[in-house]
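Dear colleague,

Please find the structure you asked about below. My account of what was found in it comes directly after.

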Amino acid sequence: MNSMQIWIDADACPKAIKDILFRVAERTAITITLVANHWLPTPPSRYIKFLLVKSGFDVADNAIINNLNNGDLVITGDIPLAYEVLEKGGHAINPRGELYNRETIKERLNMRDFMDTLRASGIDTGGPAALNQRDIQTFANQLDKFLAHQHKK
């Protein structure tokens, strides 16, 4: 099981989610790597790594995809990145605990593109609600469920 790695699209990942992942890394001895275009504090751990990338469109996403191995897990709210992760044989969970899958990812991409089109035409579509305690608990539960399922393989 320890050959699986967890990659975090860390620029937009909430601190509460990163804190859960830091604890998981220690508890499970799974290496996690935060990928961001600016320095982020991480606790000292042999299982927690940080990959600093240049600023720019999709630079962090590309670094994740280029380093991703089959079966790795990516934590991201970025739908196009989640799509690429699934295409490459990885798994993706968003910070609200949704496990992306091949059956729904294309629908999610289409909805994202539609919302982008609305925003580009000047329509205020709002944004996602702030992360709340229920979202954090849902994420923790989904992550535990995912890791338990991987451990059985």
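The notes that follow go from the overall fold to the cores, a helix, a pocket and several individual residues.

**Overall fold**

Please bear in mind that this is a predicted model. The secondary structure of the protein consists of five helices and five strands, and from the N terminus on their order is β-α-β-β-α-β-α-β-α-α. Of the 153 residues in the protein, 40% are buried. When contacts between residues at least 6 apart in sequence are considered, 50% of them join residues at least 24 apart.

**Nonpolar cores**

The largest nonpolar core has 27 residues, and those with the most contacts inside it are Ile6, Ile8, Leu21, Ile32, Ile75 and Leu143. At least two residues of this core come from each of strand 1, helix 1, strand 2, strand 4 and helix 5 (133-152). Another core, of 18 residues, lies apart from it; Trp7, Ile64, Ile79 and Leu109 are among its members.

Ile32 may serve as an example from the largest core. Leaving out residues up to four places away in sequence, Ile32 touches Ile6, Ile8, Leu21, Phe22, Ala25, Tyr47, Ile48 and Lys49.

**Helix 2**

Helix 2 covers residues 59-67, and its buried residues are Ala60, Asp61, Ala63, Ile64 and Ile65. Against which elements do the buried residues of helix 2 pack? They pack against strand 1 (6-9), strand 2 (32-36), strand 3 (48-52), strand 4 (73-75) and helix 3 (79-87). As background, an α-helix has 3.6 residues a turn, so residues three or four places apart point the same way.

Two residues of this helix deserve separate mention. Asp61 lies in helix 2 and has a relative accessibility of 8%, so it counts as buried, the cut-off for that term being under 20%. Not counting residues up to four places away in sequence, Asp61 touches Asp9, Asp78 and Leu81. Asn62 is also placed in helix 2, but at 37% relative accessibility Asn62 counts as partly exposed. Between Asn62 and Glu84 there are 9.6 Å in space, C-alpha to C-alpha, and the two are 22 residues apart in sequence.

**The second largest pocket**

The second largest pocket holds about 200 Å³ of space. It is lined by 15 residues, of which Phe57, Asp58, Val59, Asp61 and Asp78 are the closest to its centre. Helix 2 and helix 3 are the elements that give two or more residues to this lining. By character, the lining residues of the second largest pocket comprise six nonpolar, two polar and seven charged.

**Two residues with positive phi**

Asp58, one of the residues closest to the centre of that pocket, sits in the loop between strand 3 and helix 2. Its phi is near 65°, a positive value in a residue other than glycine. Is Asp58 buried or partly exposed? With a relative accessible area of 30%, Asp58 is partly exposed.

Ala29 likewise is not a glycine and has a positive phi, of about 60°. Ala29 is found in the loop between helix 1 (15-28) and strand 2. Its relative accessible area of 22% makes Ala29 partly exposed.

**Two loop asparagines**

Asn94 belongs to the loop between strand 5 (91-93) and helix 4 (105-120). Why does Asn94 count as buried? Asn94 counts as buried because its relative accessibility is 8%, and the term applies under 20%. The side chain of Asn94 reaches the backbone nitrogen of Arg96 at 2.8 Å. Setting aside neighbours within four places in sequence, Asn94 is in contact with Thr76, Gly77, Tyr100 and Phe139.

Asn132 is located in the loop between helix 4 and helix 5. Asn132 is partly exposed, its relative accessible area being 38%. Its side chain reaches the backbone nitrogen of Arg134 at 3.0 Å. Asn132 and Arg96 are 36 residues apart in sequence, while their C-alpha atoms are 8.9 Å apart in space. Arg96 thus appears twice in these notes, once with Asn132 and once through its backbone nitrogen with Asn94.

With kind regards

Definitions and conventions:
Residues are numbered from 1 along each chain as its sequence is written. This is a predicted model: local features need pLDDT of at least 70, side-chain atom pairs count only at pLDDT 80 or more; totals for chains, interfaces and linings use all residues. Side-chain values use heavy atoms; hydrogens and water are left out. Buried means under 20% relative accessible area, exposed over 50%, partly exposed in between (1.4 Å probe, protein chains only). Helices (H or I, at least four residues) and strands (E, at least two) are DSSP runs, numbered from the N terminus. Contact means heavy atoms within 4.5 Å. A polar contact is a pair of N or O atoms within 3.5 Å; within protein, one must be able to donate a hydrogen and the other to accept it, and residues adjacent in sequence count only if both atoms are side-chain atoms. On a 1 Å grid over the protein atoms alone, a cavity is a set of points where a 1.4 Å probe fits but cannot get out, and a pocket is an open set with protein on both sides within 12 Å along at least five of seven lines; lining residues have an atom within 4 Å of a point. Grid points are joined across faces, edges and corners, and a volume is the space filled by probe spheres set on the points. Ala, Val, Leu, Ile, Met, Phe, Trp, Tyr, Cys and Pro count as nonpolar, Asp, Glu, Lys and Arg as charged, and the others, Gly among them, as polar. A nonpolar core is a set of buried Ala, Val, Leu, Ile, Met, Phe, Trp, Tyr and Cys residues joined through side-chain atoms within 4.5 Å.
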